[in-house]
Amino acid sequence: MKALLKTKKGSNGVELLEIEEPRVQSHELKVKIHAAGICGTDMHIIHDEYSCNYPVIMGHEYSGTVVEIGSEVTNFEVGDRIVSLTAAVKCEECTYCRSGLYMLCEKRLSIGSGVNGAFAELMVIPEKIAYKIPDNVSLDEAALTEPLACMVRCVIERGTVKAGDYVLVSGPGAIGLLTMQVATASGGNVIVIGTSQDKERLNLATELGAFATIVIDEEDVQKRISEITRNVGVDVAFECAGVGPSANNCLKLLKKTGLFVQVGLYGKKVEIDMDLALTKEINITNGFASEPTSWERALRLLEMKQVNVAPLISTKLPLHEWENAIGMVDNKEAFKVLFVPNGN
Ligand SMILES: [Zn+2]
Ligand SMILES: [Zn+2]
């Protein structure tokens with residue numbers, strides 16, 4: 001089968017290879033990948049900013065159909081449409097595993113970085129981490145369950161948005177617009193900020209329910225936020241751009257005692273004005289990927305149509321167009337790019 005791997009460090013470390021099909025063990029499912037999204041983490045892996053076990057098939061945001069089950073599998077059958085958690089391997093014994101916090105397990109190996117992922121025609125996963133896709137959710141939409149679950153973790157499980165809150169989302173990429181929708185579903189009035197390069201994305205934010213949008217290099221963002229919040233500042237700010245200036249903007253625009261939530265990975269060390277955070281008594285939190293609780297809620301949000309992910313999918317490409325796909329993400333030309341390793 002064809003698969004896109006990170007084989008080594010360096011700019012020539014991404015390779016599309018013909019490799020042997022994976023085999024299912026007793027408790028595993030073989031999944032025919034329908035679609036697999038390119039995530040910020042994949043870009044960090046490609047650019048050597050996130051550690052992984054070379055050689056590894058990348059990709060952890062996917063949807064697919066079960067084509068074979070192991071001899072001991074009880075909860076799934078061939079034909080089931082599924083998505084899955086990314087923590088494929090964990091110890092199940094440490095203090096974190098026993099609290100259901102699999103992403104924090106020292107022995108965790110995730111799909112697409114620690115073990116083979118979804119940028120391939122087929123993938124094998126443990127039955128335990130799979131979830132069936134609700135009937136009224138398409139396979140394309142379901143491919144965004146993983147990033148949505150990460151946003152559920154940030155907005156609801158680690159952060160808190162209360163009805164009536166003014167909420168800031170800095171960075172209107174796919175992650176920002178998912179955050180915006182989860183925060184809106186939670187009762188927040190969400191203001192999305194971006195640069196003039198992001199205008200199309202900001203328009204989409206409005207279509208998807210943003211309370212307001214601000215173009216920060218054309219408008220006085222501080223003044224607009226003061227007007228909207230009657231000189232108080234926002235209650236919660238989600239940093240979704242993964243760059244230092246965006247984090248500092250969030251700290252500036254938050255009200256005193258507000259909540260700062262780090263959503264995006266920076267991929268490097270950044271300068272953040274911690275004295276400003278201290279003098280405003282800002283609470284700081286973050287979310288690292290997602291846990292089983294986040295997945296159940298994410299699937300319910302999709303099923304109940306409280307979040308609309310379809311408009312975020314801009315491009316679907318076969319694996320052999322991987323260079324084109326990565327270039328589009330790097331140059332911010334596309335929104336969410338999905339690989340369709342088996343065709344549409
Ligand atoms: Zn991801
Ligand atoms: Zn563990």
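## Exercises on a predicted zinc-bound model

The axes of helix 4 (residues 145-158) and helix 10 (residues 292-303) cross at roughly 110° and come within 8 Å. The model is predicted: local features need pLDDT of at least 70, side-chain atom pairs count only at pLDDT 80 or more, and totals for chains, interfaces and linings use all residues. Residues are numbered from 1 along each chain as its sequence is written, chains are lettered from A and ligands numbered from 1 in the order written, and side-chain values use heavy atoms, without hydrogens or water.

**Exercise 1. Classify the crossing of helix 4 and helix 10, and describe their contact.**

Step 1. Fix the terms. Helices (H or I, at least four residues) and strands (E, at least two) are DSSP runs numbered from the N terminus. Axes are lines fitted to C-alpha atoms, for helices over the stretch in contact; angles run from 0 to 180 degrees between N-to-C directions.

Step 2. Apply the classes: under 35 degrees is roughly parallel, over 145 roughly antiparallel, 65 to 115 roughly perpendicular, the rest oblique. The axes cross at roughly 110°. That makes helix 4 roughly perpendicular to helix 10.

Step 3. List the contact (heavy atoms within 4.5 Å). Helix 4 contributes residues including Leu148, Val152 and Ile156; helix 10 contributes, among them, Trp295, Leu299 and Leu302.

Step 4. Sort the contact residues. Nonpolar covers Ala, Val, Leu, Ile, Met, Phe, Trp, Tyr, Cys and Pro; charged covers Asp, Glu, Lys and Arg; the others, Gly among them, are polar. The contact of helix 4 with helix 10 has nine nonpolar, three polar and four charged residues.

**Exercise 2. Assign the geometry of each zinc site.**

Step 1. Find the donors: N, O and S atoms within 2.8 Å of the metal (3.2 Å for Na, K and Ca); water is not among the atoms, so sites may look incomplete. For the zinc ion (ligand 2) they are Cys91 (SG), Cys94 (SG), Cys97 (SG) and Cys105 (SG), at 2.3 to 2.4 Å. For the zinc ion (ligand 1) the protein donors are Cys39 (SG), His60 (NE2), Glu61 (OE) and Glu146 (OE), at 2.1 to 2.8 Å.

Step 2. Test the angles. Four donors are tetrahedral if all angles lie between 85 and 135 degrees; four are square planar and six octahedral if opposite donors are over 155 degrees apart and all others between 65 and 115; anything else is irregular. The zinc ion (ligand 2) shows 102 to 120°, so its site is tetrahedral. The zinc ion (ligand 1) shows 79 to 163°, which makes its arrangement irregular.

Step 3. Read the spacing. Ligand 2 follows C-x2-C-x2-C-x7-C. Ligand 1 follows C-x20-H-E-x84-E.

**Exercise 3. Describe the six-strand sheet and its edges.**

Step 1. Strands pair if DSSP finds at least two bridges between them. The open sheet has the order 13-12-11-14-15-16, with parallel pairing.

Step 2. Strand 13 (212-215) and strand 16 (283-286) are the edges; each has a single partner strand, so one side of each lacks a neighbour in the sheet. The twist averages 20° from one strand to the next.

Step 3. Strand 14 (residues 234-239) joins strand 15 (residues 254-262) through five bridges. Phe238 stands opposite Val261 in strand 15.

**Exercise 4. Locate two backbone exceptions.**

Step 1. Most residues other than glycine have a negative phi, and most peptide bonds are trans.

Step 2. Tyr54 and Pro55 are joined by a cis peptide bond, with omega about -15°. Pro55 lies in the loop between helix 1 and strand 4.

Step 3. Arg230 has a positive phi of about 50°. Arg230 sits in the loop between helix 7 and strand 14.
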